[in-house]
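Me: I've just opened this one and I keep running into labels I'd like explained. Can we go through how each of them is earned?

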Amino acid sequence: MSAVTTGPSDATTKPAEPVDDLVSTRHRLRIGRRTLDYTATTGRIVLREEVYEDGVFVGHQAKAEISITSYVVERGADATGPQTRPVTFAFNGGPGSSSVWLHLGLLGPRRIVMGDAGDLRPPPYGLTDNHESLLAESDLVLIDPVSTGYSRAVKGTKPEPFHGYQGDIDSIAEVIRLWTTRHERWLSPKLLLGESYGTLRGAALVEKLQSRYGMYVNGLVLVSSVLDLSSIDFDNQRNDRAHALYLPTYAAIAHYHGKLGRGSLQKAVRDAEDYASRDYPWVLAQGDRLSAKDRAAAVKTLAALTGLSPDYLDRADLRIEHWRFFGELLRDRRQVAGRIDGRFVGPAASGIAEHMDADASMDAISGPYSTAYNHYVRHELRYENDLSYEQISSRVHPWSFKDFEGRPIDVSPQLERAMRMNPHLKVHVAYGYYDGATPHYAAEDVIAHLQIPAELRANIEHAYYEAGHMMYVHEPSRLQQSKDLADFVRRCSPSS
């Protein structure tokens with residue numbers, strides 16, 4: 001019997017071209033005496049690239065599907081026109097993190113209800129209106145980089161080109177350009193807001209947007225900043241820099257847990273900063289040239305500043321690596337301190353382990369955010385996707401920094417260039433005293449060494465919170481940070 005051919009074989013069938021799958025819903029939010037009517041749009045947009053073969057343009061090829069959520073206030077009595085209303089593009093870090101943390105923790109019109117260190121709610125947690133949402137001042141676009149959230153490389157392609165510094169910058173810049181163009185927002189004031197690795201991404205993005213597309217930016221917000229990874233590097237460089245720059249954070253966390261007596265947090269941090277800025281770098285630089293007397297004095301001082309025992313500090317050769325600090329500080333209580341937020345504690349898996357086996361603060365925070373988002377996206381935003389929403393994805397590793405081969409991973413030059421190019425660019429830096437991932441003193445040090453004209457220094461402002469990496473987990477800090485960001489947006493967004 002002869003076979004009947006009914007169409008192309010599976011081997012030759014061309015995959016269907018991916019298309020945007022955005023869903024829009026309308027909502028209302030009460031903020032003080034104002035009522036905001038807004039449209040929420042969520043889903044995935046198709047990212048394409050221009051393809052050339054032997055110098056000939058052959059098409060606009062799909063390369064990734066990027067999940068975003070935007071909130072746009074509708075025009076009316078309480079909304080300015082699209083040419084004057086700011087828009088803020090926000091993303092978290094990782095690398096490998098979705099934007100869920102900033103989305104439901106600080107910026108969006110709905111927020112997580114989970115409690116805080118020492119008073120966590122049990123699952124399944126909750127959601128409530130965010131009456132302090134930045135939506136009162138700015139439209140919002142939350143972006144999930146490739147392999148995070150619902151973002152994926154297109155079918156039949158590998159995601160590795162996006163799993164690295166340059167591919168990440170290029171793809172997020174294209175998302176921002178596309179959204180701005182499609183929504184006719186080139187004349188709107190524009191801000192970028194990044195957290196953690198998102199600050200490194202954000203600084204490089206500002207320069208990319210301005211130099212590649214001529215899209216000048218009004219404001220850059222750096223939440224838990226790390227622009228120069230060598231400032232927090234204990235492993236790859238033996239220059240002792242991180243040991244000194246982490247010291248004020250160790251002091252803050254030790255103070256919070258009652259290891260430094262009855263003085264104030266401000267005094268504990270200030271004393272550690274004073275020592276870290278002068279004597280401690282000198283002590284570490286001596287190596288085996290340090291006299292016994294000076295070594296004994298250093299051990300005593302470090303013990304007073306960090307709450308660690310003199311014996312431990314002597315055995316550690318005066319150098320306190322951060323993972324070891326979180327495991328050692330509360331060893332006498334059989335507890336470990338959190339890295340992302342040193343206020344959180346958890347039970348030690350082993351009383352003799354060199355360092356903690358897990359971050360107690362991430363253990364506390366990740367469940368509430370995952371629960372809240374997975375409910376919110378389907379039930380309230382009406383977006384359906386059977387993919388797992390990758391809150392923090394391990395698939396992006398190993399992350400490529402090939403662009404920095406042979407030199408430190410440092411985007412300070414990109415920020416310097418962006419500020420020189422656009423003298424109207426304003427920068428807001430937010431620090432958490434209990435942040436053990438991106439310590440405030442290290443971030444301050446990088447900012448202090450920016451090579452920019454003296455007059456541009458006035459464009460940089462600093463805000464400090466008695467909280468951790470995600471300072472908005474701490475309710476008083478969330479309230480204050482919301483006010484600070486609203487004020488910053490107003491000041492760097494001139495009306496037309």
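Me: How do you know that the length of α7 agrees with what a helix should span?
Reply: This is a predicted model, so we're checking computed positions. Helix α7 covers residues 292–306, which is 15 residues. At 1.5 Å a residue they should span 21 Å, and the end C-alpha atoms are 21 Å apart, so the two values agree.

Me: What makes the buried residues of α7 line one face of the helix?
Reply: The buried ones are A298, V299, L302, A303, L305 and T306. Looking down the axis, they fall within an arc of 165°, so they line one face. The face turned away from that buried side carries the exposed residues K293, K300 and A304.

Me: And what covers the buried residues of α7?
Reply: The cover includes α4, α5, α6, α8 and α9. Just past the end of α7, G307 takes a positive phi of about 80°.

Me: Let's do another helix. How do you know that α2 has close to the expected length?
Reply: α2 runs over residues 165–182, giving 18 residues. Its first and last C-alpha atoms are 26 Å apart, and 26 Å is what you'd expect at 1.5 Å a residue.

Me: Why is α2 called mostly covered?
Reply: Count the buried residues: 13 of its 18 fall in that class. To be called buried, a residue has to have under 20% relative accessible area. Just after α2 comes E184, with a positive phi of about 55°.

Me: Why is S264 called partly exposed?
Reply: Its relative accessible area is 36%. Buried would be under 20% and exposed over 50%, so a value in between is called partly exposed. You'll find S264 in the loop between α4 and α5.

Me: What makes the pair S264 and K267 a polar contact?
Reply: A polar atom of the S264 side chain lies 3.1 Å from the backbone nitrogen of K267. The cut-off is 3.5 Å, so that distance of 3.1 Å fits. As for A252, 12 residues from S264 along the chain, the two C-alpha atoms are separated by 9.6 Å.

Me: Is D116 buried or exposed, and how do you know?
Reply: Buried: its relative accessible area is 15%, and the limit is under 20%. D116 sits in strand β6, residues 115–116. Leaving out residues up to four places away in sequence, D116 touches R343, F344, V473, H474 and E475.

Me: What is unusual about the phi of S196?
Reply: Most residues other than glycine have a negative phi. S196 isn't a glycine, yet its phi is positive, about 60°. This serine is in strand β11, and at 14% relative accessible area S196 is buried.

Me: Where is S224, and what is its phi?
Reply: S224 is in strand β12, residues 219–225. Its phi is near 60°, again a positive value in a residue other than glycine. With a relative accessible area of 2%, S224 is buried too.

Me: Why is the bond from G94 to P95 called cis?
Reply: Look at omega, which is near -5° for this bond. Most peptide bonds are trans. P95 is in the loop between β4 and α1. A cis peptide bond also joins H397 and P398, with omega about 5°. P398 lies in the loop between α10 and α11.

Me: What lines the largest pocket?
Reply: The lining has 40 residues, with G94, P95, I232, R339 and A437 nearest the centre. Two elements, β11 and α9, each give two or more residues to it. The space inside is about 1,000 Å³.

Me: What makes a space a cavity instead of a pocket?
Reply: In a cavity, a 1.4 Å probe fits but cannot get out, while a pocket is open. There are three cavities of 30 Å³ or more, and the largest has a volume of about 60 Å³. That largest cavity is lined by 13 residues, with T42, I68, T69, D144 and Y373 nearest its centre. β2 and β3 are the elements giving two or more residues to its lining, and β3 gives the most, three.

Key:
Residues numbered from 1 in each chain as written. Predicted model: local features only at pLDDT ≥ 70, side-chain atom pairs only at ≥ 80, totals over all residues. Heavy atoms only, no water. Helix = DSSP H or I, 4+ residues; strand = E, 2+ residues; numbered from the N terminus. Buried < 20%, exposed > 50% of the residue type's maximum accessible area, 1.4 Å probe, protein only. Polar contact = N/O pair within 3.5 Å; in protein donor to acceptor, adjacent residues only side chain to side chain. Expected span 1.5 Å × (residues − 1). Arc of directions from axis to C-beta. Contact = heavy atoms within 4.5 Å. 1 Å grid on protein atoms, 1.4 Å probe; cavity = no way out; pocket = protein on both sides within 12 Å on 5 of 7 lines; lining within 4 Å. Points joined across faces, edges and corners; volume = space filled by probe spheres on them.
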